[in-house]
Amino acid sequence: MNKLLSAEFMRLYKSFVFKLCLIFSAGLGIFTVIIRWLDIRKHADTYAQLSVEYRNADGLIFVGSLYMIFAVAVFVSIFVGTEYSDGTIRNKLTIGHKRSKIYFSKLIVCAAVTFTINILYIVVVLLFGNILIGGTTMSIVKILSFTATCSTAIIALILLLLSMSIQNKAAGAVTCLIVTLVMMFAALTIYQRLNAPEYYDAYSFVNEDTGKTISVDKEKNTKYLSGTKREVYEFMNDFLPVSQLYQVAMNVSDNLMLIIIYDCIIIIASTGIGVTIFKKKDLK
């Protein structure tokens, strides 16, 4: 296992895709802070009326994780797919490495990459945010706990399971990106449904043709989630990794420990499934 990990990290050190991920992570952090700084300068009066959390880096620290999932999807699919296409995995089996250990070595390296690029983004946002828009009101404990939650959520995206199950590098990359997009849209849908109002407020408007004022009474939202259906959506909001990232990005999650437990369950289950599939795979 140690030899496998040494080889994996040596390959990671030389990986061009990994270096691109680092550049993307740091660049995204700088870009996010600059955009907020420009917006503050443009709407100074508006921001002056808001609390400090809206003017400093608080709202930016974990937003990057929603974009980082695409970088991780590209990295995992290419990093694993290249070993399939080059015959490296077949060679590892030939010299006696067990399939389970090969899979676990990939999991460890991909997890390390996830933590690295995620932490890099956060550090860049904190540094540049402190220079341009002020630091953060968050405690170190909160930042670390949110960082751990974001990272475990990204690791739980079953990207390694998909990549190790698909030998074609291009097909693996496309599949990982499509699955990531689907999960993002699903998370956005869940968030919107849960935050939809139970009632639409009453309002009035003037008909331009007749000049008459038309009043619309308060109306119940027929699509408002309630009962068991709402409980299912709330569970999915806490259980699905991208939905977890939405909660953390907006600092609305009060269930960090529960989220991490769910992520660990997903990681353990997907790893078990992945190892089983990989053991039965006929490598070309």
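How much space lies in the largest cavity? Keep that in mind as you click around this predicted model.

**Stop 1: the cavities.** Run a cavity search over the whole structure, and 2 cavities of 30 Å³ or more turn up. The largest cavity holds about 150 Å³ of space, so there's your answer.

To find the spot, select Leu107, Ile155, Ile158, Leu159 and Leu160: of the 16 residues lining the largest cavity, these sit closest to its centre.

**Stop 2: the walls.** Now colour the elements that each give two or more residues to the lining: α5 (65-86), α7 (99-132), α8 (140-155), α9 (159-165) and α13. Which of them gives the most? That's α7, with 5 residues. Try colouring the lining by class too: you'll get 13 nonpolar residues, 3 polar ones and no charged ones.

**Stop 3: a helix crossing.** You've already coloured α13 as part of the cavity lining. Next, show α13 (residues 256-280) together with α11 (residues 227-239). Their axes come within 9 Å and cross at roughly 75 degrees. An angle of 65 to 115 degrees counts as roughly perpendicular, so that is how α11 lies to α13.

Zoom in on the side chains here. On α11, pick Phe235, Asp238 and Phe239; on α13, pick Leu258, Ile259, Tyr262 and Ile266. Those residues make the contact between the two helices. How does this contact split by class? There are 6 nonpolar residues, no polar ones and 1 charged one. Asp238 on α11 is part of this contact, and Asp counts as charged, so colour Asp238 to spot the charged residue.

Technical notes
Residues are numbered from 1 along each chain as its sequence is written. This is a predicted model: local features need pLDDT of at least 70, side-chain atom pairs count only at pLDDT 80 or more; totals for chains, interfaces and linings use all residues. Side-chain values use heavy atoms; hydrogens and water are left out. Axes are lines fitted to C-alpha atoms, for helices over the stretch in contact, and angles run from 0 to 180 degrees between N-to-C directions. Helices (H or I, at least four residues) and strands (E, at least two) are DSSP runs, numbered from the N terminus. Angles under 35 degrees count as roughly parallel, over 145 as roughly antiparallel, 65 to 115 as roughly perpendicular and the rest as oblique. Contact means heavy atoms within 4.5 Å. On a 1 Å grid over the protein atoms alone, a cavity is a set of points where a 1.4 Å probe fits but cannot get out, and a pocket is an open set with protein on both sides within 12 Å along at least five of seven lines; lining residues have an atom within 4 Å of a point. Grid points are joined across faces, edges and corners, and a volume is the space filled by probe spheres set on the points.
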